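Open your viewer and get a selection tool ready. We will take a short walk, one stop at a time.

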Amino acid sequence: MVRNPLTPEERRRGERLGELLREARGGRSMVSVAASAGISAETLRKIETGRAPTPAFFTVAALAGALGMSMDELLTRCVALPAPDELPLLA
């Protein structure tokens, strides 16, 4: 099965998810958060760095639970922000 390439918006959304998870993790170690979520630290590292921009639903749900976040909060905060070159010019 060949997967279609991700759109720039999908990539940005994945990067934003990684940023939010990293912020929510705060001072907790990647290893402890990953263990709490039942995933490998390498999987968490890939998500946080944007190398895995479309993680599985249950992976995201487990991470949200381990970090005390709701899925609604993640969804709301991951809504794709326009890229700097897509922002309207102000006159």
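The tour goes from one helix to the core and then to an aromatic pair.

This is a predicted model, in which local features need pLDDT of at least 70 and side-chain atom pairs count only at pLDDT 80 or more, while totals for chains, interfaces and linings use all residues. Residues are numbered from 1 along each chain as its sequence is written, and side-chain values use heavy atoms, with hydrogens and water left out.

**Stop 1: helix H4.** Select residues 57–67, where Thr 59, Val 60, Leu 63, Ala 64, Ala 66 and Leu 67 are buried (under 20% relative accessible area, against over 50% for exposed and partly exposed in between; 1.4 Å probe, protein chains only). Look down the axis: these buried residues fall within an arc of 165°, so they line one face of H4 (the arc is that of the directions from the helix axis to the C-beta atoms). Helices here are DSSP runs (H or I, at least four residues), numbered from the N terminus.

**Stop 2: its neighbours.** Now show H1 (8–25), H2 (30–37), H3 (41–49) and H5 (71–78), against which the buried residues of H4 pack (contact means heavy atoms within 4.5 Å).

**Stop 3: a contact hub.** Next select Ile 39, which touches Ala 34, Leu 44, Thr 59 and Leu 63, not counting residues up to four places away in sequence.

**Stop 4: the other side of H4.** Turn to Phe 57, Phe 58 and Gly 65, which are exposed. The rings of Phe 57 and Phe 58 have centres 5.1 Å apart and planes at 85°, so the pair is edge-to-face (centres within 6.5 Å, planes over 60 degrees apart; under 30 is stacked, the rest tilted).

**Last stop.** Just after H4, find Gly 68, with a positive phi of about 70°.

Definitions and conventions: Phe/Tyr/Trp six-rings, centres within 6.5 Å; stacked < 30°, edge-to-face > 60°. Helix = DSSP H or I, 4+ residues; strand = E, 2+ residues; numbered from the N terminus.
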